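Student: I would like to go through some features of a structure one at a time. Please give the general idea first, then the case at hand.

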Amino acid sequence: MPTDPAKLLALFQASVREGIPDALPAPKPFDTTVSHAPKRKDILSVEEKKLALKNALRYFPQKHHATLAPEFAQELKDFGRIYMYRFRPAEPMHARPIGHYPAKSKQAAAIMLMIQNNLDPAVAQHPHELITYGGNGAVFQNWAQYRLTMRYLSEMSDEQTLVMYSGHPLGLFPSHKDAPRVVVTNGMVIPNYSSPDDWERMNALGVSQYGQMTAGSYMYIGPQGIVHGTTITVLNATRMRASLSSGEGRGEGKEGPGVRPIALFVTAGLGGMSGAQPKAGNIAGVVTICAEVNPAAAHKRHVQGWVDEVIADVDACIDAALEWQQKGEAHSIAYVGNVVDLWERLAARKVHVDLGSDQTSLHNPWAGGYYPAGLSYEESNALMVQDPAAFKQRVEESLKRQVNAINTLAAQGMYFFDYGNAFLLESKRAGADIAGKNGEEFRYPSYVEDIMGPMCFDHGFGPFRWVCTSGDSKDLATSDRIAGDVLEAMLKEAPEEIHQQIADNLHWIRSAQQNKLVVGSQARILYADAEGRIRIAEAFNNAIKAGTISAPIVLGRDHHDVSGTDSPYRETSNIRDGSRFTADMAVQNFVGDAFRGATWISLHNGGGVGWGEVINGGFGMVLDGSAESDRRLKAMLHWDVNNGIARRAWARNPNAQWSIHEAMKREPKLQVTLANEADGKLIDGALGEA
């Protein structure tokens, strides 16, 4: 491999243009230095395994089939999937400056940058299996799909659209300049075939994939993406439970009685997006203990600076947290061990926990999303393949134990909330003591029900993000300053209803550089409403036009937002008109973004709460400083937010009703159907109730 930068760039560009090579590359040894996806269960029949091999071989000319067929069969046997490791590119995988990508379309070059960022080993959870986060959130199903997609993008003009079927590039189709350059769907299966086993089977066959949210839509920006949302959540959780600071309702633990200056936050998960939790805890000013059963994941976050220290002994971990709490200093600790052991030890010692949550990947509990107590990480990975029924039983028993310990601590004053990872749902299914009172489904709220829904989503605030395609940190710093200036101006005129949201995000963006949030691409995130997103994007576009920012910027968001996702146990869990199990909003969002100017759009089955449990839509938009970009950003961003506010207002959510009235005042062309309130006593009387 040459070391000259020009030669390396030429090799990279040639590899992208080549796509699937005509001559077979040499087989690659299994790399033990990176984290790998767990082996998937053996779910295919003999005939289905034959079909899986046929499906994989169709990417290659027949002259290679005799070599590849036994190799792919061995991968299917060893891993439960055909990843085509041989075809993993030799060149390093990371986001390069946009000018380094061989492309006829600047928009296509930006998409290539975003794809490579999602697969960067510093960003991706299981990079060699093309999985970005969440244990299963895949960009592609195999390396042939990656190579073919990159080749198509290098050839694409601004009058073509690339169509993506669950990681498979169906092909380039004629379109027009105003059409999206890429349209992505992931896991869009017939509803009756949307169980976890259906996913296992179809993924093993190579015909469908779990794109998570921002993995399969090329918009992941590393753990920073969730750091901000977690920071906002923890900040508002402490505000909602302001009585914690007075010491009321506390049990006495080893630390003795008295008022502690800052909160103790206990949670779990460091492997994917959950890795943001310790950093968010530090920014929010709490002491965090985050359990992680995979030592490699815990140490990776420590090396990256996302967690302050790693401790493997549960009592030493608790003692250290209490010491930092007494000092009154924010600090984060990764406990390397099982989360059940941590919760049970906290309960046994009667340690008061102020805030509790969980971010293990319980949307996929039987295939590496949650690890049962009493087994090591390696033992669990083996059991889930060798005896799936026994593994499932161990997981269910562990969930019951975890809930029992949480209930004990909640009785002592802890505020526990589900972080949208299906913890409450899977605990209920496991038979844990999690049922609520007075007809409520669960004993504890989702963080969306209590915090993000009414405080943010109903007002249109959600995870607006951008990537500087130059790869230059100076451009990112400039964009931070511009976004901060916009929010500062908005804060001066903000009504009381949204003043706190803008103030929190202004503080976030002004502190972003010192918090060292970048992993992978030069990216940033903040929560903004429609007006804020449009004003920030417009300012970026003007800065690109003026040369203040040196290259295009990619706009996007997490699907975990106002309009993008219909998820009854997370994003839409605070919608109570009976429509939270419908998915019109997400599909309409996807379609509406397409014809209002998005550069690429995506629609997925599955996400943070699981396959079959959610439909979510996302987008990417390239700003290049042109008048065309200015037109597109204003049209698309306005719709992308207000679609969701209108739906939430129709569900009679008070904050959304206020927000949609304000939106109609600002834009006379916006006319939304408004809900009329019915008198409860009148309803009771009509049904014959006293």
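Student: How is Ala546 classed, buried or exposed?

Tutor: First, note that this is a predicted model. A residue is called exposed when its relative accessible area is over 50%. Ala546 has a relative accessibility of 61%, so Ala546 counts as exposed. Ala546 lies in helix α19, which spans residues 530–546. From the C-alpha atom of Ala546 to that of Glu397 the separation is 61 Å, with the two positions 149 residues apart along the chain.

Student: Where does Tyr165 fall on that scale?

Tutor: The class between buried, under 20%, and exposed, over 50%, is partly exposed. Tyr165 has a relative accessible area of 48%, so Tyr165 is partly exposed. Tyr165 belongs to strand β3, residues 160–165. Together with Leu170 and Phe173, Tyr165 makes a nonpolar surface patch of about 290 Å².

Student: How many residues of helix α6 are buried?

Tutor: For a helix, the buried residues are counted against its length. Helix α6 covers residues 196–205, and 7 of its 10 residues are buried. Among them are Trp199, Met202 and Leu205, but also Asp198, Glu200 and Asn203. The elements covering these buried residues include α2 (46–57) and α3 (65–79). After α6 comes Gly206, with a positive phi near 80 degrees.

Student: How many aromatic pairs does the structure hold?

Tutor: The structure holds 27 aromatic pairs. One of them joins Phe60 and Phe72, a tilted pair with 5.9 Å from centre to centre and 50 degrees between the planes. Phe60 is in the loop between α2 and α3, while Phe72 is in helix α3, 12 residues apart. Phe60 and Phe72 are both buried.

Student: Why is the pair of Phe265 and Phe417 called stacked?

Tutor: Planes under 30 degrees apart count as stacked. The planes of Phe265 and Phe417 are at 10 degrees and the ring centres are 6.4 Å apart, so this pair is stacked. The pair links distant parts of the chain, 152 residues apart: Phe265 is in strand β6, and Phe417 is in the loop between β11 and α14. Phe265 is buried, at 0% relative accessible area, and Phe417 also counts as buried, at 0%. Phe265 and Phe417 form one aromatic cluster with Tyr415, Tyr419 and Tyr447.

Student: Which ring does the charged end of Lys327 sit over?

Tutor: Here the distance is taken from the charged end to the ring centre. The charged end of Lys327 sits over the ring of Trp324, 4.0 Å from its centre. Lys392 has its charged end over the ring of Trp366, at 5.2 Å from the centre.

Terms used: Residues numbered from 1 in each chain as written. Predicted model: local features only at pLDDT ≥ 70, side-chain atom pairs only at ≥ 80, totals over all residues. Heavy atoms only, no water. Patch = residues over 30% accessible without salt bridge, like charges linked within 9 Å, V, L, I, M, F, W, Y side chains within 5 Å. Areas by Shrake-Rupley, 256 points an atom, 1.4 Å probe, with all protein chains shown as cover. Salt bridge = Lys/Arg side-chain N within 4 Å of Asp/Glu carboxyl O. Helix = DSSP H or I, 4+ residues; strand = E, 2+ residues; numbered from the N terminus. Buried < 20%, exposed > 50% of the residue type's maximum accessible area, 1.4 Å probe, protein only. Contact = heavy atoms within 4.5 Å. Phe/Tyr/Trp six-rings, centres within 6.5 Å; stacked < 30°, edge-to-face > 60°. Lys NZ or Arg CZ within 6 Å of the ring centre and 35° of its normal.
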